[in-house]
Amino acid sequence: MEDDAEFPGNIPPSFDRVGDMIKKSETQGFNPGLVVLLLVGGLLLTFLVGNYILYSLAQKTLPPRKKKPVSKKKMKRERLKQGVSAPGE
C-alpha cells in the first residue's frame, strides 16, 4: 500500500500537534504539584530534624526525672510477694 497523502515531513497533523504540545510543556517551567510536594516535604523534614536536635539537647542538659515515692503499703506488699517478712511481724 502506497502513501497517497503527503504530509510535510511525513508526519500526520495530529501527531505534529502532540509534538508541539510536548515542546510547549517543557518550556513552562516547574510542575506546581512537584513544587508543593518538595516544599511540604522539606518543611516536614526540617521539623523532624529540629525536634530530634532539641530532644538530644534536652537529654544532655536536663536532670533525670524524680520517681514518685512508693507508699509504705506498696512496699510491704512487694516484700511479701518476694517472701521477705515485713519488720515488726
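The following conversation concerns the helices, surface patches and salt bridge of a predicted model.

Student: What should I know about the model beforehand?

Tutor: This is a predicted model, in which local features need pLDDT of at least 70, side-chain atom pairs count only at pLDDT 80 or more, and totals for chains, interfaces and linings use all residues. Residues are numbered from 1 along each chain as its sequence is written, and side-chain values use heavy atoms, with hydrogens and water left out.

Student: How many helices and strands does the chain have?

Tutor: The chain has 3 helices and 0 strands, in the order α-α-α along the sequence. Helices (H or I, at least four residues) and strands (E, at least two) are DSSP runs, numbered from the N terminus.

Student: How much of the chain is buried?

Tutor: Buried residues account for 1% of the 89 residues. Buried means under 20% relative accessible area, exposed over 50%, and partly exposed in between (1.4 Å probe, protein chains only).

Student: And what is the exposed area of the chain?

Tutor: About 9400 Å² is exposed, with carbon and sulfur atoms supplying 64% of it. Accessible areas come from the Shrake-Rupley method with a 1.4 Å probe; for residues, only the protein chains shown count as cover.

Student: Turning to helix 2, why does it lie largely in the open?

Tutor: Of its 30 residues, the number buried is 0, so helix 2 lies largely in the open. Helix 2 reaches 43 Å from its first C-alpha to its last, close to the 44 Å expected; the expected span is 1.5 Å times one less than the number of residues.

Student: Which residues form the nonpolar patch?

Tutor: L45, V49, Y52 and I53 form it, with about 430 Å² of accessible area together. Patch residues have over 30% relative accessible area and no salt bridge; like charges are joined within 9 Å, and nonpolar side chains (Val, Leu, Ile, Met, Phe, Trp, Tyr) within 5 Å. Y52 lies in helix 2 (residues 32-61) and is exposed at 57% relative accessible area.

Student: How many salt bridges are there?

Tutor: The count is 1 salt bridge, defined as a side-chain nitrogen of Lys or Arg within 4 Å of a carboxyl oxygen of Asp or Glu. E78 and K81 form a salt bridge at 4.0 Å, N to O, and both lie in helix 3, 3 residues apart.

Student: Is K81 buried or exposed?

Tutor: K81 is exposed, at 65% relative accessible area, whereas E78 is partly exposed at 43%.
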